[in-house]
Every structure is written in structure tokens, then in C-alpha cells.
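Here are a few notes to go with the structure, written while looking through it. Have it open beside you as you read.

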Amino acid sequence: MDLIARNYEETEEEILIGLDKESFEIKREQNEIDELSFNIDLNGRNQISYDLVQYENYILWNGQFYIIKQMTEAASGMSLTKKVTAMHISIELQDGYQYDELTGTRSVSQLLTHIFKAGKRGFSWEVVDNDNKLETVQQENFGNANYKKLIDEILEDYDVIMIADNKNLMFYPRGDYGNVVEDQIRYKYNTDDVSFDIDTLELKTQIKGFGKKDEDNDDKYYFDPITYTSPKAETWGIRIQDPVQDERYTVPGNMKKRLKKDLQDAPEISGTVTLKFQSDLHIYDYVPFIYEPLNINEYIQIVGLTEYPMQPSKPPNVTLSNTKKTMTSILASLVRKGVL
């Protein structure tokens, strides 16, 4: 498959020649990063395509548009090289701004309608919720930010994921996207390089939630505080997590779902593996992770994937996690603890 450079005006494009295939990689992280990077050298045959590798020009790969956002140009004698990072075109969400704010109980679809009424900027969207898992949530002053920040709020508040096919955005309840696959990631079978962080420091079994207060009586809530106790309490006893205090909630059922989502009632497992050979895995898939030294045998979600498509013999690096943290928090924790 060829890598193609296209100018910003979309009037000219060329297949990239002189690409360092060993430098080409694609990196994806759950709800946060989708980018590709590569190095390209100027030679006697690629002047036109080399010149097309410029800031804000497009790189096309596998039907997707990426925009060159970072680039380093280096010269050594007569040799010229560009080191490029191009981000998926959905990054252009950060270029739109919704100044208007809204308050009240809203669904994901209603918030997306609010965001894009300021201008679609070429984007389309759809919410896929076949089992009606997504609830309405009380919002306070939602708006006055760029589109990307507002969509990040939606991803967090409603526990959804966004899949971008160029500028077509699909939103799914977390857990509804990604296949359960039988391709095991097994220590000493298809990987020897395992770096994992497993801890019970934040293991809790009970959590309480406080919703919105009555405007006419500060001592009264729309509903009584809700306490959720995990079935894991039978094993670990009652371990109380910090409460959720969020005035956006006026419906007790919505708060209970939030408590179940937030409660960390299992040991946190996160880390990386480097596979020995290629495997047909995708981000958001759930894979059996088997690690006999720590007696781990369970399905864990792929939340990060770095692939090397132009090196068939080089397998991907995979980040797995069962935690309820963001991808940024997961990676920061792994770096802090020396796993990465």
C-alpha cells in the first residue's frame, strides 16, 4: 500500500518515494491519539513528492487523511531529510468553536447538535446506541470551548468512545465497540517482552453519589444520596471510595450507572507487550491475556496500538488496560512506575 502526499488545496498529489520504510509507524490511543510518522530523504527521483511534504498538507494512508502538524528538516552535507508526524484529520475539531452555552438535562445527540450548529466544518456524526445504554445527563454551561474539548467532555460524561472515519464521527457506548477475540496474548508464547503494572492500591468496593441540590433548599437533594456496593465486597470487604458529588445528576438511575462506572472494584492492570509475530488485533478489541508468573488469565482491552505496516516481520506494540482511567493517566502511571 502506497503513502500519498497531497497539497492543502487538494490540487496535486504524489506517491511518496524515498520513504524510510523502517521509520513508518501508526500510533493509536483510546479516544486520544491517531497519528502516523515517517522519515523521508530527498533523492534524484522524488523532488516533487518531497516538496509536497509540508506543514498542513495531507498524507493519505489506507483511505484516511492525516495532516502534517510536526516536522523536522535536517541537512547533512548534500543529504536532506524530513521527519514527519501527521495527525488524523479529525484533529481539525480543535479549529471549530461553539461560543453559546446550554444548561439542562441533555443526551449525547443533543450536545453534538449544539456543538455543530456553530458550523459543521465538514464533519458529520452519528450516535450508535442499539441497546439504549446512553442516558441523559444534567449539563451546566456546556459550550464556550472548541469542538474537540467539548467532545472530550462528552466522552468523559457519557462514557462513550469516538471512532473517526475521516470526518465522519461515530459515537458508541464504551464496551459496545471492539471485538472479543481469541488471539491470546500469552507470555512465552507470542511475547517475552511484558511490562505490566498490577496493583490494588485503589481497590475499593463501595461508593456513594450525591446529585443536584434543590434550588429552594440547599439542605435537600433531588434524590437521596445513593450508595453502590460491588459484589466484590464479599471477597475484599467494604472499602469505601471517595464519593461522587456532581450537580449535573437529577435522576437516581443515572447516578447509579456513574457509580458503577467509577468504582475501581478490581485490581488495576495496565501495561505493554511486544508481540513476537503479526496478529490481526485492533484497538478496542478485548483479548485473553495470560501471564502465568502472576496467575493472570482474563480478557483485557487494547487501549493503545503502535503498528509498523511497512515492516511485515515487525509485530505491533500493544497497550492493555482494565482500569477506568484515561489513556493519558494510564501511560503516565506506567512511566512513573518504570514500566515504560
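1. Which strands does helix 5 lie across, and at about what angle does it run to strand 18? Bear in mind that this is a predicted model. Helix 5, residues 252-262, lies across strands 15, 18 and 19, and its angle to strand 18 is about 40 degrees.

2. Now the sheet under discussion. Its three strands come in the order 18-15-19, the sheet is open, and the pairing is mixed. Strand 18 (226-229) and strand 19 (244-245) each have a single partner strand and stand at the edges, so each has one side without a neighbour in the sheet.

3. Take a look at the pairing of strand 15, residues 206-210, with strand 18: the two are antiparallel and share four bridges. Here you'll find I207 opposite Y228 of strand 18.

4. On to the nonpolar cores. The largest has 31 residues, and those touching the most other members are L93, L112, I115, F116, I151, I154 and L169. Two or more residues each come from helix 2 (108-116), strand 10 (137-146), helix 3 (147-158), strand 11 (160-165), strand 12 (168-173), strand 18 and helix 5. Helix 3 gives the largest share, with six residues.

5. L112 is a handy residue to click on. Leaving aside residues up to four places away in sequence, L112 touches W125, V127, I151, I154 and F171.

6. Don't skip the other core, though. A second one, separate from the first, has 20 residues, among them I26, F38, I59 and Y66.

Definitions and conventions: Residues numbered from 1 in each chain as written. Predicted model: local features only at pLDDT ≥ 70, side-chain atom pairs only at ≥ 80, totals over all residues. Heavy atoms only, no water. Pairing = 2+ DSSP bridges. Contact = heavy atoms within 4.5 Å. Axes fitted to C-alpha atoms, helices over the stretch in contact; angles between N-to-C directions. Core = buried A, V, L, I, M, F, W, Y, C linked by side-chain atoms within 4.5 Å. Buried < 20%, exposed > 50% of the residue type's maximum accessible area, 1.4 Å probe, protein only.
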